[in-house]
Amino acid sequence: MKPARAATRRHLPNSPFNAPVDRPVPEFSVDDRVTHDQYGLGTVVGVEKDLAVLVQFREQRVRIPSPFRKLRTL
């Protein structure tokens, strides 16, 4: 049995809570120094437009897909 997918919630106009903010997808370029929540410090070695980035973390290369929530530039 497949697990149920979480539905995206829509913001109601009369809600007392703030509407969710759509953050722009960050852009990375080769040789950018980055940090990742799980892998730590690394260097961008490849960029696939807005799809993914390839990052070298110590001994391993990891392909990080967009929207890059856990990846930040230094």
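Let's start with the aromatic rings: this structure, which is a predicted model, holds 2 aromatic pairs. The first one to look at is F28 with F68, an edge-to-face arrangement with 5.2 Å centre to centre and 85° between the planes. If you trace the chain, you'll see that this pair links distant parts of it. F28 sits in the segment before β1, which covers 33-36, while F68 is in the loop between β4 and β5, and the two are 40 residues apart. Both F28 and F68 are buried.

The other pair is Y39 with F57. Here the rings are stacked, with 5.2 Å centre to centre and 25° between the planes. Y39 belongs to the loop between β1 and β2, F57 belongs to strand β3, and so this pair ties together parts that are 18 residues apart in sequence. How buried or exposed are these two partners? Y39 is partly exposed, because its relative accessible area is 32%. F57 has a relative accessible area of 3%, so we call F57 buried.

Now, please turn to the core. As a bit of background, nonpolar side chains tend to be buried together in soluble globular proteins. Which residues make up the largest nonpolar core here? There are 10 of them: F28, V34, V44, V53, V55, F57, V62, I64, F68 and L71. Two elements, β3 and β4, give two or more residues to this core. The largest share, 3 residues, comes from β3. You'll recognise F28 and F68 from the edge-to-face pair, and F57 from the stacked one.

Let me pick out V62 from that list. Leaving aside residues up to four places away in sequence, V62 touches Y39, V53, L54, V55 and F57. That means V62 contacts both partners of the stacked pair, Y39 and F57.

A glycine deserves a moment too. G46 lies in strand β2, and with a relative accessible area of 17% it counts as buried, because the cut-off is under 20%. Again not counting residues up to four places away in sequence, G46 touches V30, V53 and L54. So that you can find it on screen, the C-alpha atoms of G46 and R61 are separated by 10 Å, with their positions 15 residues apart along the chain.Next, the backbone, where a few residues catch the eye. F68 comes back here: its phi is near 60°, a positive value in a residue other than glycine. F68 is also buried, because its relative accessibility is 6%. R58 has a positive phi as well, about 45°, although R58 is not a glycine. You'll find R58 in the loop between β3 and β4. Is R58 buried or exposed? At 76% relative accessibility, R58 counts as exposed.

Just before F68 in the walk along this loop, look at the bond between S66 and P67. That peptide bond is cis, with omega about 25°. P67 is placed in the loop between β4, 60-65, and β5, 71-73, and F68 is found in the loop between β4 and β5 too.

That brings me to the last stop, the largest pocket. Its volume is about 310 Å³. What lines it? The residues are V21, R23, P24, V25, P26, P67, F68, R69, L71 and R72. By class, that lining has 7 nonpolar and 3 charged residues, and no polar ones. P67, from the cis bond, is in the lining, and so is F68.

To pull it together, keep an eye on F68: it pairs with F28, belongs to the largest nonpolar core, has a positive phi and helps line the largest pocket.

Technical notes. Residues numbered from 1 in each chain as written. Predicted model: local features only at pLDDT ≥ 70, side-chain atom pairs only at ≥ 80, totals over all residues. Heavy atoms only, no water. 1 Å grid on protein atoms, 1.4 Å probe; cavity = no way out; pocket = protein on both sides within 12 Å on 5 of 7 lines; lining within 4 Å. Points joined across faces, edges and corners; volume = space filled by probe spheres on them. Nonpolar A, V, L, I, M, F, W, Y, C, P; charged D, E, K, R; others polar. Helix = DSSP H or I, 4+ residues; strand = E, 2+ residues; numbered from the N terminus. Buried < 20%, exposed > 50% of the residue type's maximum accessible area, 1.4 Å probe, protein only. Phe/Tyr/Trp six-rings, centres within 6.5 Å; stacked < 30°, edge-to-face > 60°. Core = buried A, V, L, I, M, F, W, Y, C linked by side-chain atoms within 4.5 Å. Contact = heavy atoms within 4.5 Å.
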